[in-house]
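User: Please take a close look at the pockets in this model. I would also like to know how helices pack.

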Amino acid sequence: MILNIVDSIMGSGKTSAMINMINASGDDRRFLYITPYLAETQRIIESCKHKKFSEPREYGAKLNGLKTLLKAGANIASTHALFERFDEETVALIAAKGYTLIMDEVFEVIKPLGITRSDSETILQLHASPNLDTGILEWHDSSYSGVFNNYMTMCKLGSIGCYGNGQLIQIYPVSVFEAFKEVYVMTYMFEAQVQKYYYDYYGITYNYIGVRNTPDGYRLCQDRDDTLKMNYGELIHICHHEKLNRIGDKPTALSKGWYMRNSGQNQMKQLKNNTQNYVRNICGSKSSLTLWTCFKDYRSEISGNGYAKGYVPSNLRATNEYMDRNCVAYLVNKYWNPFVKSFFTSKGIIVDEDAYALSEMLQFIWRSAIRDGKPINLYVPSSRMRHLLEKWIEENSIA
C-alpha cells in the first residue's frame, strides 16, 4: 500500500485536485471514494462522469450493494458510515481488484469499545489474549458460540486492542487500509489527527503531498504548498469582551467534563445568556447567518432565541453548506478521549492535545464564510481555545 496524505488548508482545492486526478486516470484504475456525507458523493458522481461512479444502494442492504459493485470492478462513491462496516469479504474483494482509496477527511479509527469490565475480564480469562508485540486481541477459542460472538468476530478482524490492566478498545482493522493498492487521505493538520497516531502505531509510513492552483485547475503537488493563505487577522474578528469571555478563563472550562459538572446549573445559563448577547446584541445576527456548537448532549441547555437553528455538531467537516454564515460561536474546549489517549500513551506514542484541539476548531470555523474569504465574527469563550487560535492566526496570516 502507498499511503498519501493530502495535507492542505480547508478550501484550498483538495477535492477539485482529486477529481482532476481521477478524470486523468486510465480506464483500468478503480476508485473507492469515501466522504463523510451522502450529499458529497453526488459531487463525485457528477464531476467524474466518464468514470461512471456508483453508490451502493440499489441491491438491498448497503454493504451487500457495495460487495456487488466491488465484484463488478465499479468505481464507487460512499460514506464514512459504510466504510465503518467493512468485513473480511469486503477486504478480499478490494485487494483482488486493486482499488485506490480516496478518503475525504480523517475517519474514526479508534474509539471506546463500550464493554463492561466484567465482560472484558471473562473474555481475557477464557477466550482471548493480546498479541505481545501489537496489543491486538487474538481469539483462541475457535469452537466458541455464545453471547460474545460479536467480540469474536471483531478479534478475527484485528479490531480490539488491549492496554493497561486489561482495558479493551475498538480499533479499525488495519487490514482494510492495507487491502488497497494506494490510499489518499485529504485533511488539514494531519500531524494532530488520531488517524496519524493510528498509522504510527502500526508502523505504516506515509507521504505528504499538497495542492496547487495551476492554469489547468487544481493539481496535487509534492511540496505541500498552501495556495489559500490569507490575512486571517483581518478576516476573523474574535470576541475579546472581558465579561463574555470570563466564563472560559480556567484552562479546562467548557470541556466535556465542565459541561457534565455544570448541567442544569447557573454556569450553563450564563453561557446561554452570553451567546445570546453576542449573537443578537453585539453582532446583530440571526439563526440563518449564525453557526454555533456545543457538546451535543447539552444543546438544549444552550440554545437560545435568535440562534438556536444555527446549531451544528462540533465535529462537522467536509461540507460547504454553511458558507453564508458570518457569525460563529464555538462553545467547546476539545481534549482527546481519555481512553484513546491512554491506549496510545501506553504504547509509547505521545499525543499533542493542543494541536488536536486547534485542528478540530479550525475545521469547524472553516464551515463558515471564512471558507470563501469573507470576514466572520467569532465567539470563543474558552481561553485555551482562543489563545490557540490567536497563535495560529499570527503564524499563518499573510498581509
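Analyst: What follows takes the pockets in turn, along with helix contacts.

The model is predicted. Start with the largest pocket. About 1400 Å³ of space lies in it. Its lining counts 39 residues. Closest to the centre are Glu108, Asn315, Lys334, Tyr356 and Glu360. By class, the lining of the largest pocket splits into 20 nonpolar, nine polar and ten charged residues.

Several elements contribute to that lining. Helices H4 (80-83), H9 (194-201), H12 (256-262), H15 (338-346) and H16 each supply at least two residues. Strand S5 (110-112) does so too.

Stay with H16, which spans residues 353-365. This helix packs against H17, residues 383-396. Their axes lie 10 Å apart, at an angle of about 80 degrees. Angles of 65 to 115 degrees count as roughly perpendicular, so H16 is roughly perpendicular to H17. On the H16 side, the contact is made by Glu353, Asp354, Ala357, Leu358, Met361, Leu362 and Ile365. On the H17 side, Arg384, Met385, Leu388, Leu389 and Trp392 meet them. The contact of H16 with H17 has nine nonpolar and three charged residues, and no polar ones.

Now the second largest pocket. Its volume is about 310 Å³. It has 20 lining residues. Gly11, Thr15, Arg43, Asn320 and Arg371 lie nearest its centre. Two elements, H1 and H2, give two or more residues to this lining. H1 gives the most, with three residues. By class, the lining of the second largest pocket has five nonpolar, eight polar and seven charged residues.

H1 and H2 also touch one another. H1 covers residues 14-24, and H2 covers residues 38-47. Their axes come within 10 Å and cross at roughly 40 degrees. That angle is above the 35 degrees under which helices count as roughly parallel and falls short of 65, so H1 is oblique to H2. The crossing is right-handed. H1 brings Thr15, Ser16, Ile19 and Asn23 to the contact. H2 answers with Arg43, Ile44 and Ser47. By class, those residues are two nonpolar, four polar and one charged. Two names recur here. Thr15 and Arg43 take part in the helix contact, and both are among the residues nearest the centre of the second largest pocket.

One further helix pair deserves a look. H3 (residues 62-71) packs with H5 (residues 88-97) at about 20 degrees, with the axes 9 Å apart. Angles under 35 degrees count as roughly parallel, so H3 is roughly parallel to H5. H3 passes H5 in a left-handed crossing. Leu63, Leu66, Lys67, Leu70 and Lys71 come from H3. They meet Glu89, Thr90, Leu93, Ile94 and Lys97 in H5. The contact of H3 with H5 divides into five nonpolar, one polar and four charged residues.

To bring the pieces together: H16 helps line the largest pocket and packs against H17. H1 and H2 help line the second largest pocket and cross each other.

Note on methods:
Residues are numbered from 1 along each chain as its sequence is written. This is a predicted model: local features need pLDDT of at least 70, side-chain atom pairs count only at pLDDT 80 or more; totals for chains, interfaces and linings use all residues. Side-chain values use heavy atoms; hydrogens and water are left out. Axes are lines fitted to C-alpha atoms, for helices over the stretch in contact, and angles run from 0 to 180 degrees between N-to-C directions. Helices (H or I, at least four residues) and strands (E, at least two) are DSSP runs, numbered from the N terminus. Angles under 35 degrees count as roughly parallel, over 145 as roughly antiparallel, 65 to 115 as roughly perpendicular and the rest as oblique. A crossing is left-handed if the near helix is turned anticlockwise from the far one by less than a right angle, and right-handed if clockwise. Contact means heavy atoms within 4.5 Å. Ala, Val, Leu, Ile, Met, Phe, Trp, Tyr, Cys and Pro count as nonpolar, Asp, Glu, Lys and Arg as charged, and the others, Gly among them, as polar. On a 1 Å grid over the protein atoms alone, a cavity is a set of points where a 1.4 Å probe fits but cannot get out, and a pocket is an open set with protein on both sides within 12 Å along at least five of seven lines; lining residues have an atom within 4 Å of a point. Grid points are joined across faces, edges and corners, and a volume is the space filled by probe spheres set on the points.
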